[in-house]
Amino acid sequence: MGFDINVNGNVHNVDVDGDTPLLWVLRDVLGMTGTKFGCGMALCGACTVHIDGTASRSCVTPIDTIGNSQITTIEAIGATSAGAKIQKAWLDYEVVQCGYCQSGQIMSASALLASNANPKDADIDDAMSGNICRCGTYVRIREAIKLAAALTNEKRG
Amino acid sequence: MALDRISSRSTDTNLSRRSFLASSAGFGGGLVLSLSLPLHRIEAGQSESFAPNAFIRIGSEGQVVLTMPYVEMGQGTYTSIPMLIAEELEVSLMQVRLEHAPPNEKLYANPLLGVQATGNSNAIRGAWKPLREAGATARIMLIAAAANRWGVDPKSCRAEHGEIVHVSTGRRLTYGELATEAAKIAVRKDVILKSPEDFKLIGTRTKRLDAPEKVDGTALYGIDARPPNVKIATLAQSPVFGGRVKSVDDAAAKAVNGVRQIVRLDDTVAVVADHMGAAKKGLAALKIEWDDGPHSRLATEEISRQLEMATLGPGAVAQNKGDADKAMASATTKVEAIYQVPFLAHAAMEPMNCTVHFRQNECEIWIGSQAVARVQAMAANAAGLPLDRVIVHNHLLGGGFGRRLEADGAVRAVEIAKHVEGPVKVVWTREEDIQHDMYRPYWFDRLSAGLDDQGRPVAWKNRFAGSSVIARWLPPAFNNGLDPDSTEGAIDLVYDLPNFHVEYVRVEPPGIPTAFWRSVGPSHNVFVTESFIDELAAATKQDPVAYRRALLDKSPRAKAVLDLAADKAGWGKALPKGTGRGVSLQLAFGSYLAQVAEVEVSTSGAIRVRRVVCAVDCGTAINPDTVQAQIQSGIIFGATAALYGEITLKNGRVEQTNFDTYQMLRMNEAPTIEVHIVQSSEPPGGLGEAGTSAIVPAIANAIFAATGKRLRKMPVDASALKQPV
């Protein structure tokens, strides 16, 4: 019984109600605590994961809607090309402060970069405004995304 | 990436060992908690480690473990404190591992507060001398051990990169090789600290030691604690402060798959479950009837009225210079104003949480706290156990902002855990977190000033009323109706104000708890004083920067940051219609800040903070990158409060619930921020909060410049700025 879900390439069987949000399956059932709880209403983005590559708020994603989709979390985003660049840019730009929201920020930014190699300020606003940072790292996040994009473009060039 | 960079340390050998095993199993491959020996044994010299003080431990394998007396909540202490130690110890930051300090007021008290707590932007100010001395002491003892081994004069040896070198022969011994012998050397007190010109680390832009694990998701916050078989609980507390549970129908909640237990307390009902999803579902299924208690009709307006009335009577005199009444009587112009600031929630991104394993004779706690000894003491009280039977594991904090100086959450979690078999993690929903915060006090201020015929303020009077957080949190610091926090930013102004009189009236609001909030006293006072000085400039049609500048002959550091910020911001240059610049100047937490905010006000009244320029003189900047980051952070935090922040009560209930009703500034609204640091060799000032208090008046003053409307009440009321069509 329960649900088979594919997280970071591994299939897990979890025995929870179908309406259980993915966030709690990750954190409390599977013990993957990198994905964070912030609001429970898709208002803050701390719980962002990728579902088939799309940035999604796991706190409002019922487990029974996932099916065979591939879930990627912060624990594995470094294995993707965009994710690795974003993580490197985050370190190069010293983005983090308390760090609690940064898993979600990195997941949103990685999804942006994977779909848009050269994001403009307006693209960054669109992709990142769902992620709240109480430490106010927005200025550095913006610069770090541009740096990661520049790294991508250098390699292509 | 440095997965094992930061770890936890507890107080008792057996418990430490047990919790290490438990924790490392439960954390599923995350950080490895250290198996550290208890401090008293290290001090007695029974271990192979060299531990000359409570902050440094060097093992025979050469690992350098630094115990952090100040917590990391984003402000960069877990980099700046190691920098202070490593500067004198002569080790690379790549060599050190960090531990959260256990509760121990004797060893880890903040010298500026007298208790073990991280707040009031004073970690660096408190650590500046003692932690460099800690590093220097260890260095001297390692040198002595090497000199003994070689039979040479210690003066012929020096420390570098974690080794002692005999200069003339080039012989070298690592700290690890010397640890056992160094431990036998008497602790030296007569250390001489480096001269600033010899600093290698201090003053350099240094990478954060906690960044790698915060970027790959392995960093552990209190909410990530997972002792084996932990259950998850969430809770509903009386929606009115002081209310009680009248009745609970928990049949539907108990029927939820995964719900294990319902715990009923006097004023709280908690649902214990296998996971938070089930706990929340159970909570929603509870039918609770509340007895609202004495505050069931309370509204914010009533509190505001109480404070207003209080400012009509006398208060405690916080500062008096000259004769303000006499000077006022002979002034050419008189300006009066009333200012108000609202209750504010902290809304740290990591919601309040605490994990407790309550056992027969002991209690083990996992938490992220700014005041871990306070947690231990209050939890012991709640548990009915002696202090040494309460083990506390501190963690990284997902935001502090003053909220985590309080131990109410730990107490609540202990009360719940007493009814639960095995460990339970109590997690506040965001709604509970906002509606059961302890809030930045509401303040009501009554000001007046008398100006001479040149417009200079010859008299300044200010009487303000609000809650004293200090009186509750640190009672010995509240004396004669005054405390150093409530008045900071209202007295000792940088300006030359010869006749100056400030009074504080302590009024504790009914039915709503208050607490420290990022930038504490100045969060209120700097908005008021820097708005009012702007009013005085406007009253005599003078330029706000020039007006301030003329009052700064006795404050050269203040004048320098004002000039720098004005220059970099292009003060005086033309701006588009509907846009204005506002300035603020502040001395708080030992640092000087000037900010210029550029704000655009649309015809609908919508505000956009476009650009902020900040000049800062914080004395010695330990890590200039952190200085810049903290100013950026403080500005976003303060701008959020100025534009959106307000907690209101209706029928005794907090009306705001989540980020939809308690809004945060987001990426698309964030201004560009420029930070200019004044080079200085003065002792370091605090910076974690300064940016927050300084931005609020800068925004209000910019709105005045853009629209001619003076906002004396925060947050900004956009409807008041709407222009008639």
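**Close-up views of a two-chain predicted model**

B:P684 counts as buried, because 22 other C-beta atoms lie within 10 Å. The model is predicted: local features need pLDDT of at least 70, side-chain atom pairs count only at pLDDT 80 or more, and totals for chains, interfaces and linings use all residues. Residues are numbered from 1 along each chain as its sequence is written, with chains lettered from A and ligands numbered from 1 in the order in which they are written.

**View 1. Surroundings of B:P684 in chain B.** The residue lies in the loop between strand 28 (672-677) and helix 21 of chain B; helices (H or I, at least four residues) and strands (E, at least two) are DSSP runs numbered from the N terminus. A residue is termed buried if 20 or more other C-beta atoms lie within 10 Å of its own, exposed if 12 or fewer, and partly exposed in between, with C-beta atoms placed from the backbone. Neighbours within four places in sequence aside, B:P684 is in contact with B:I124, B:R125, B:W128, B:C618, B:G619, B:T620 and B:I622; contact requires C-beta atoms, placed from the backbone, within 7 Å. B:D433 is 251 residues from B:P684 along the chain, and their C-alpha atoms are separated by 34 Å.

**View 2. The largest nonpolar core and B:L142.** This core has 289 residues, and those with the most contacts inside it are B:L142, B:V271, B:I365, B:A379, B:I699 and B:I703. Helix 21 (residues 690-707) of chain B provides its largest share, 12 residues. A nonpolar core is a set of buried Ala, Val, Leu, Ile, Met, Phe, Trp, Tyr and Cys residues joined through C-beta atoms within 7 Å. Not counting residues up to four places away in sequence, B:L142 touches B:A159, B:I164, B:Y175, B:L178 and B:A182. In soluble globular proteins, nonpolar side chains tend to be buried together.

**View 3. Crossing of helix 3 and helix 6 of chain B.** The axes of helix 3 (residues 77-89) and helix 6 (residues 130-150) of chain B come within 7 Å and cross at roughly 30°; axes are lines fitted to C-alpha atoms over the stretch in contact, and angles run from 0 to 180 degrees between N-to-C directions. The crossing is right-handed, that is, the near helix is turned clockwise from the far one by less than a right angle. From helix 3 of chain B, B:I81, B:L84, B:I85, B:A86, B:E87, B:E88 and B:L89 meet B:L131, B:R132, B:A134, B:G135, B:A136, B:A138 and B:R139 of helix 6 of chain B. The residues of this contact comprise 9 nonpolar, 1 polar and 4 charged; Ala, Val, Leu, Ile, Met, Phe, Trp, Tyr, Cys and Pro count as nonpolar, Asp, Glu, Lys and Arg as charged, and the others, Gly among them, as polar.

**View 4. Burial and C-terminal ends of helix 3 and helix 6 of chain B.** In helix 3 of chain B, 13 of 13 residues are buried, and B:E90, just after this helix, takes a positive phi of about 60°. In helix 6 of chain B, 15 of 21 residues are buried; B:G151 follows just after with a positive phi of about 65°.

**View 5. Loop residues of chain B with positive phi.** Most residues other than glycine have a negative phi, and most peptide bonds are trans. B:S121, not a glycine, has a positive phi of about 50° and is placed in the loop between helix 4 (105-108) and helix 5 (123-127) of chain B. B:S121 counts as buried because it has 27 C-beta neighbours inside 10 Å. B:K541, also not a glycine, has a positive phi of about 55° and is found in the loop between helix 17 (520-539) and helix 18 (544-549) of chain B. B:K541 is exposed, since 8 other C-beta atoms lie within 10 Å.

**View 6. The cis peptide bond between B:M714 and B:P715.** Omega of this bond is about -5°. B:P715 is placed in the loop between helix 21 and helix 22 (718-721) of chain B.

**View 7. The side of chain A that touches chain B.** In this contact, 45 residues of chain A meet 51 residues of chain B. Helix 1 (22-29), helix 2, helix 3 (102-115), helix 4 (121-128) and helix 5 (138-156) of chain A each supply at least two residues of that side. By class, the side has 25 nonpolar, 14 polar and 6 charged residues.

Technical notes
Two residues are in contact if their C-beta atoms, placed from the backbone, lie within 7 Å.
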